[in-house]
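Please read the following with the sequence and the 3D view side by side, since the paragraphs move from single side-chain contacts to the arrangement of strands.

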Amino acid sequence: MTQEGGELDSLVRKRIRALRVAQGWSLEELATRAHLSQSSLSRIENGQRRLALDQLVTLARALDTTLDQLVETATDDVVTSPTIDSTHGQMRWIVKADPGMSVVRQRLTEPPPENPARMRAHPGHEWLVVLSGTAILMLGHRRFRLETNQAAEFPTMMPHAIGAEGGPCEILGIFDRDARRGHQRDGDGGDAQGAPE
């Protein structure tokens with residue numbers, strides 16, 4: 001076996017054990033779920049038994065994951081830098097595992113719009129947390145005041161807008177593909193008058 005193959009073998013064994021422990025399962029419990037003997041599973045985890053494809057498929061199913069995720073290797077590009085949109089005070093990171101998702105950090109200085117016609121609605125889902133200051137989230141006919149470290153999560157089909165209260169605030173948002181596209185269609189990439197892209 002090549003060095004690279006040996007590293008993958010070791011990674012898969014460690015991953016199986018880590019997933020089992022994360023579920024709070026004993027060797028016996030995972031072995032039962034995977035239709036293996038406890039001793040076979042122990043030897044698989046400890047590198048004393050060869051990894052067979054059929055057993056990996058069964059173990060992946062029992063661990064509620066996929067074979068691809070079980071054997072996925074680490075990438076070299078772990079660290080990413082944001083793209084910066086100084087016009088809207090945004091930093092944006094794409095989530096590599098799901099390029100349809102993005103993480104946005106934005107500084108807001110203006111309050112949300114008073115006019116409900118300026119609120120946005122589009123397919124998708126958004127999650128945001130206030131990093132500093134106080135934000136006001138307008139959601140339909142409701143008004144939510146979010147202090148530092150408070151978060152909000154909502155479907156973006158609900159008309160929404162976000163802004164600052166009592167001075168600048170910074171937010172960090174996670175947007176699914178549809179929410180991101182909805183803000184891109186609005187044409188301005190997001191600002192204090194609406195939720196960030």
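In this predicted model, a good place to begin is the pair Arg-145 and Glu-165, whose side chains meet in a salt bridge with a nitrogen-to-oxygen distance of 2.5 Å. Arg-145 belongs to strand 6, whereas Glu-165 sits in the loop between strand 8 and strand 9, so this contact ties together parts that are 20 residues apart in sequence. As for exposure, Arg-145 counts as partly exposed because its relative accessibility is 47%, and Glu-165, at 25% relative accessibility, counts as partly exposed too.

Glu-165 also takes part in another contact, for its side chain meets that of Arg-143 in a salt bridge of 3.6 Å, again taken from N to O. Arg-143 lies in strand 6, which covers residues 142-146, and Glu-165 in the loop that runs between strand 8 (160-164) and strand 9 (169-175), so here the parts tied together are 22 residues apart in sequence. Arg-143 has a relative accessibility of 53% and therefore counts as exposed, the limit for that class being over 50%. These contacts belong to a network of salt bridges that links Arg-143, Arg-145, Glu-147 and Glu-165.

Across the whole structure, a search finds 7 salt bridges, and one of them lies within a helix, where the side chains of Arg-33 and Glu-29 meet at 3.2 Å, N to O. Why can these two be described in terms of a helical turn? Both lie in helix 2, which spans residues 27-33, and because they are 4 residues apart there, about one helical turn separates them. Arg-33 is partly exposed, with a relative accessible area of 41%, and Glu-29 counts as partly exposed at 32% relative accessibility.

From these side-chain contacts the eye can turn to the sheet. An open sheet is formed by 6 strands, which follow one another in the order 1-2-3-9-4-7 with antiparallel pairing. At its edges are strand 1, residues 83-85, and strand 7, residues 151-155, each of which pairs on one side only. From one strand to the next, the twist averages 20°. Strand 9, which follows the loop that holds Glu-165, stands between strand 3 and strand 4 in the order of the sheet.

At the edge formed by strand 1, the neighbour is strand 2, made up of residues 90-94, and the two run antiparallel and are joined by 3 bridges. Within this pairing, Thr-83 stands opposite Arg-92 of strand 2.

Terms used. Residues are numbered from 1 along each chain as its sequence is written. This is a predicted model: local features need pLDDT of at least 70, side-chain atom pairs count only at pLDDT 80 or more; totals for chains, interfaces and linings use all residues. Side-chain values use heavy atoms; hydrogens and water are left out. Two strands pair if DSSP finds at least two bridges between them. Axes are lines fitted to C-alpha atoms, for helices over the stretch in contact, and angles run from 0 to 180 degrees between N-to-C directions. A salt bridge is a side-chain nitrogen of Lys or Arg within 4 Å of a carboxyl oxygen of Asp or Glu. Buried means under 20% relative accessible area, exposed over 50%, partly exposed in between (1.4 Å probe, protein chains only).
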